[in-house]
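Good morning, and thank you for coming. I would ask you to keep the structure in view while I describe it.

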Amino acid sequence: MGYVFDILPALLQGTWVTLQVFFITLALSVPLGLALALLRVSRFRFLSGLTNGYIWLMRGTPLMLQMLFIYFALPFLPVIGIRLPDFPAAIVAFVLNYAAYFAEIFRAGIQSIGRGQYEGARVLGFSYAQTMRRIVLPQVVKRILPPISNETITLVKDTSLIYVLAMNDLLRAARGIVQRDFSTTPFIVAGAFYLFMTLVLTWGFQRLERRYAVYDE
Amino acid sequence: MTNEPMIRAAGVCKRFGPAEVLRGVSLEVGRGEVIAVIGPSGSGKSTFLRCLIHLETVDRGRIEIEGETLVETDAAGRCRYAPESEIRRMRGRMGMVFQHFNLFPHFTVLRNVVEAPVVVRGGSREDILPKAEILLKKVGLWDKRDSYPSRLSGGQKQRVAIARALAMEPDIMLFDEPTSALDPELTGEVLRTMRGLAEERMTMIVVTHEMAFAREVASRVIFMDDGNLLEARPARELFAAPEHPRTRAFLESML
């Protein structure tokens, strides 16, 4: 037990990095995903097609590859060539990648709302923006909570990919200690940390779902 | 007050792909008139109603709402709609009730009624609440104000939908088969509400299969068949002595 306390500071430091990547990614990729979904369902064919292509690109290549590309290859690109430090590079990759997944979830939700809701709003004088904000999206949130919860839990674990940019997240911190001490205990403790984080998320989403259960469709 | 018709439609045509749904429908509706639109399903009744409030775009013809032009067709046969802002204003003079209610399931009954006046008109909730109370009492659902629509019966939902439309203070109410999705024992409460509106001299166009309602409440009955308006006459006359053989056949089939 004393050993666990010895390795705790290093693991907590790693957890802090993991949590930063998690929260910043979530805070940025959900709004970006929503914006992409709205473009995707818009009647502007060109924008919709462009968004579709973007989603294909981001879902069709490994997140790790995207991270490596942004960190190592972006600086050498003409015009947009920019050198990002490791943390911002990781965040950019995560946000761009997760926004694509969130966009598809939002799109499915938006398209599941029947035409009658739009017509009901329209004859009352709602504009398209008002219809989306007041009528459609609040109902979408209820329907997409389970897949959003899924994606969010995946994000907690995907943060461990940032080790390729030599950042010390929870898993890399644990592995460092394992290699130093020839003990597998750090892996078990790290596993417990991940389980705790996803437990909090699961609980949070269950509460949200209960809150939305006040009405049926 | 002028004698300007509330709605004037002339030669309205509409097709969905190869199907001609409206083949030149013309109608004038005066203030306070209650028009019942009857006819077999697929005759274009609902589509005509939806064209009036611009849920469908017409292919040809002219529609005026209280003297303002919603759409007109030039000599070359091109349809020209009014600018979006004017369309929204004209639409604001009309309320619509749908067959499937289209209530907002995530709002309570009360919020369904106050949302549009607050959001669209920019009114304050406090100002609108007394009016919402009057409307919900009128349709007999004030005690259900905090319920969500899923907790209501079909008839109650439809009465909320009527209150919701009335909250925007329309001059004209359009009803698209308001009782067709209801269990037979629930149609009465909705029809009673509509009858009350008619007695208040609300201008109404009602697409319906309720022949008794058409006969007793409507000032004029319109018979549509295969995209044509075949007869438009005072209810008593049309039911007593239908002129067109198609009308006669339809009325006989409804008995």
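I begin with a pair of residues in chain B: Val34(B) stands opposite Met204(B), a residue of β9(B). Please keep in mind that this is a predicted model. The two strands concerned are β3 (residues 34–38) and β9 (residues 203–207) of chain B, which run parallel and are joined by four bridges. As a general reminder, the strands of a sheet pair through backbone hydrogen bonds, in either the parallel or the antiparallel sense.

Helix α6 (residues 184–199) of chain B packs on the sheet to which these strands belong. The helix touches β3, β8 (172–176) and β9 of chain B, and its direction makes about 150° with that of β9(B).

What is the strand order of this sheet? In chain B the order is β7-β8-β9-β3-β10-β11, which gives an open sheet of six strands with mixed pairing. Its edges are formed by β7 (94–97) and β11 (228–234) of chain B, each of which pairs on one side only. On average, and with direction ignored, neighbouring strands here are turned by 15° against each other.

Chain B also contains an open sheet of five strands, in the order β2-β1-β4-β5-β6, and there the pairing is antiparallel. The edge strands in this case are β2 (19–29) and β6 (79–81) of chain B, each pairing on one side only. Neighbouring strands of the five-stranded sheet are turned by 20° against each other on average, again ignoring direction.

Let me take one edge of that sheet in detail. Strand β5 (residues 68–73) of chain B pairs with β6(B) in the antiparallel sense, over three bridges. Within this region, Thr73(B) has Cys79(B) of β6(B) as its bridge partner. A helix is also associated with these strands: α1 (residues 45–52) of chain B lies across β1 (7–16), β2 and β4 (60–65) of chain B, and runs at about 120° to β1(B).

I turn now to chain A. Which kinds of element does chain A contain? There are eight helices and zero strands. Along the principal axes, the C-alpha atoms of chain A fill a box of roughly 70 × 50 × 20 Å. Of the 217 residues in chain A, 32% are buried. Among contacts in chain A with a separation of 6 or more, 72% are between residues 24 or more positions apart.

One helix pair of chain A deserves a closer description. Helix α3 (residues 63–73) and helix α4 (residues 86–111) of chain A pack at an angle of about 135°, with their axes 9 Å apart. The two helices, α3(A) and α4(A), are therefore oblique to each other. Their crossing is right-handed. On the α3(A) side, the residues that meet α4(A) are Leu63(A), Gln66(A), Met67(A), Ile70(A) and Tyr71(A). Their counterparts in α4(A) include Ala89(A), Ala93(A) and Leu96(A). By class, this contact has nine nonpolar, two polar and one charged residues.

Finally, I come to the interface between the chains. How many residues of chain B are in contact with chain A? The number is 19, and they contact 18 residues of chain A. On the chain B side, the elements that give two or more residues are α2 (84–92) and α3 (109–119) of chain B. The residues of chain B that touch chain A comprise 11 nonpolar, five polar and three charged residues.

Methods
Residues numbered from 1 in each chain as written. Chains lettered and ligands numbered in written order. Predicted model: local features only at pLDDT ≥ 70, side-chain atom pairs only at ≥ 80, totals over all residues. Buried ≥ 20, exposed ≤ 12 C-beta atoms within 10 Å, placed from the backbone. Contact = placed C-beta atoms within 7 Å. Nonpolar A, V, L, I, M, F, W, Y, C, P; charged D, E, K, R; others polar. Pairing = 2+ DSSP bridges. Axes fitted to C-alpha atoms, helices over the stretch in contact; angles between N-to-C directions. Parallel < 35°, antiparallel > 145°, perpendicular 65-115°, else oblique. Left-handed = near helix turned anticlockwise from the far one by under 90°.
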